[in-house]
Amino acid sequence: VLRARVTGLHHLPRRGPVVIVANHTTYADPVWLALAVPRVVWMATTAEAYRTPGAFRWLVRLWPTFPVRRYRSDPSAARAMLGLLGGGEADGLFGERERSGLGCYQGADPASAPALARLRVPVVPVALQGGYATGPRWAATMRFPTLHARIGPPIAFGGAPAAEEIDRAIRALLAEDPQRVWLEREPLERLGAAVWRCPACGDERGWRPAALRCEDCPDLGSEKCDDCPTLQAIMDDTVTE
């Protein structure tokens with residue numbers, strides 16, 4: 001059911017400590033990453049996921065994960081990560097901290113990125129292409145297109161800020177950004193969860209996501225969508241296999 005095409009696998013150390021940092025567009029990204037990488041990857045997962053009732057919490061605890069409290073410093077998560085690296089394991093992080101709402105790479109968190117540069121272990125960038133078509137943050141259904149995983153060489157942290165180095169490495173691996181989405185059978189009114197105001201004029205009350213138009217901008221077209229390349233990608237339609 002799940003298919004992945006992987007390039008650059010030779011850049012990933014087959015053993016020993018390594019941090020894999022990837023872009024993040026869908027709930028399924030940890031599964032895609034596990035499918036693409038021939039190692040057990042311990043994923044940093046939100047602490048909220050550990051408290052979610054039902055089968056999802058059971059799956060999260062079954063998967064090789066460790067909890068991270070978002071939007072604050074979390075010494076316990078840092079200790080868990082360092083302990084895994086000390087044991088020669090592979091840690092996986094989504095540097096954006098949360099899923100992209102519109103399929104565009106949001107950039108690494110500048111507050112936490114410098115810690116990766118100080119770890120003295122390889123930090124390997126991975127671009128997951130096609131994950132946004134699996135299930136956008138605003139969608140209600142999941143699909144299973146072929147994922148393209150591109151693995152780059154370990155990041156050589158130098159004079160530039162660590163977040164910029166990570167961003168440069170991941171963007172160089174992305175074939176398109178923002179990623180397109182499969183719109184077939186997906187009610188467009190759900191897009192309002194991610195695009196809640198008109199990208200041309202900023203009006204919230206007149207914005208009609210199901211029609212991809214605004215009451216105050218009835219001629220919303222390609223020239224106005226230049227202000228919102230992600231919306232242009234959505235209007236350009238669909239990812240197909």
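**Exercise 1. Determine how many salt bridges the model contains, and describe the residues that form each salt bridge.**

*Solution.* If a salt bridge is taken as a side-chain nitrogen of Lys or Arg within 4 Å of a carboxyl oxygen of Asp or Glu, the count comes to 2 salt bridges. The model is a predicted one, in which local features need pLDDT of at least 70 and side-chain atom pairs count only at pLDDT 80 or more, while totals for chains, interfaces and linings use all residues. Residues are numbered from 1 along each chain as its sequence is written, and side-chain values use heavy atoms, with hydrogens and water left out.

Step 1: one salt bridge pairs Arg 168 with Glu 165, and their closest N and O atoms are 3.0 Å apart. The two residues are separated by about one helical turn, because they are 3 residues apart in helix H7 (residues 162-173); helices here are DSSP runs of H or I with at least four residues, strands are runs of E with at least two, and both are numbered from the N terminus.

Step 2: to classify the partners, use relative accessible area with a 1.4 Å probe and protein chains only, where buried means under 20%, exposed means over 50%, and partly exposed lies in between. Arg 168 has 48% relative accessibility and so counts as partly exposed, whereas Glu 165, at 12%, counts as buried.

Step 3: the other salt bridge joins Asp 74 to Arg 69, with 3.8 Å between the closest N and O atoms. Asp 74 is buried because its relative accessibility is 11%, while Arg 69 is partly exposed because its value is 37%.

**Exercise 2. Locate Arg 39 and work out what surrounds this buried residue.**

*Solution.* Step 1: Arg 39 sits in the loop between helix H1 (29-36) and strand S3 (41-46).

Step 2: although buried, Arg 39 has no salt bridge, and the nearest side chain of opposite charge, that of Glu 89, is 5.4 Å away; for this purpose Lys and Arg count as positive and Asp and Glu as negative, with His and the chain ends not counted.

Step 3: the side chain of Arg 39 does reach the backbone oxygen of Pro 13, at 3.0 Å.

Step 4: when residues up to four places away in sequence are not counted, the contacts of Arg 39 (heavy atoms within 4.5 Å) include Arg 14, Arg 15, Val 18 and Gly 88, as well as Pro 13 and Glu 89.

**Exercise 3. Compare the settings of Thr 26, Leu 119 and Arg 120, each found in a loop.**

*Solution.* Step 1: Thr 26 is in the loop between strand S2 (18-22) and H1, and it counts as buried because its relative accessibility is 0%. Leaving out residues up to four places away in sequence, Thr 26 touches Trp 32, Arg 99, Gly 131, Thr 134, Gly 135 and Met 142.

Step 2: Leu 119 belongs to the loop between helix H5 (113-117) and strand S6 (123-129), and its relative accessible area of 21% is why it is partly exposed. Apart from neighbours within four places in sequence, Leu 119 is in contact with Val 19, Met 81, Leu 82 and Leu 85. For Leu 119 and Leu 82, a sequence separation of 37 residues goes with a C-alpha to C-alpha distance of 8.6 Å.

Step 3: Arg 120 also lies in the loop between H5 and S6, and it is exposed because its relative accessible area is 82%. The phi angle of Arg 120 is near 60°, a positive value in a residue other than glycine.

**Exercise 4. Identify the cis peptide bond and state where its proline is found.**

*Solution.* Step 1: the cis peptide bond joins Asp 177 and Pro 178, with omega at about 10°.

Step 2: Pro 178 is found in the loop between H7 and strand S8 (207-208).

**Exercise 5. Summarise the protein chain in terms of its helices and strands, its buried residues and its contacts.**

*Solution.* Step 1: the protein chain has 9 helices and 9 strands.

Step 2: of its 241 residues, 47% are buried.

Step 3: among contacts with a separation of 6 or more, 68% come from residues 24 or more positions apart.

Conventions: Polar contact = N/O pair within 3.5 Å; in protein donor to acceptor, adjacent residues only side chain to side chain.
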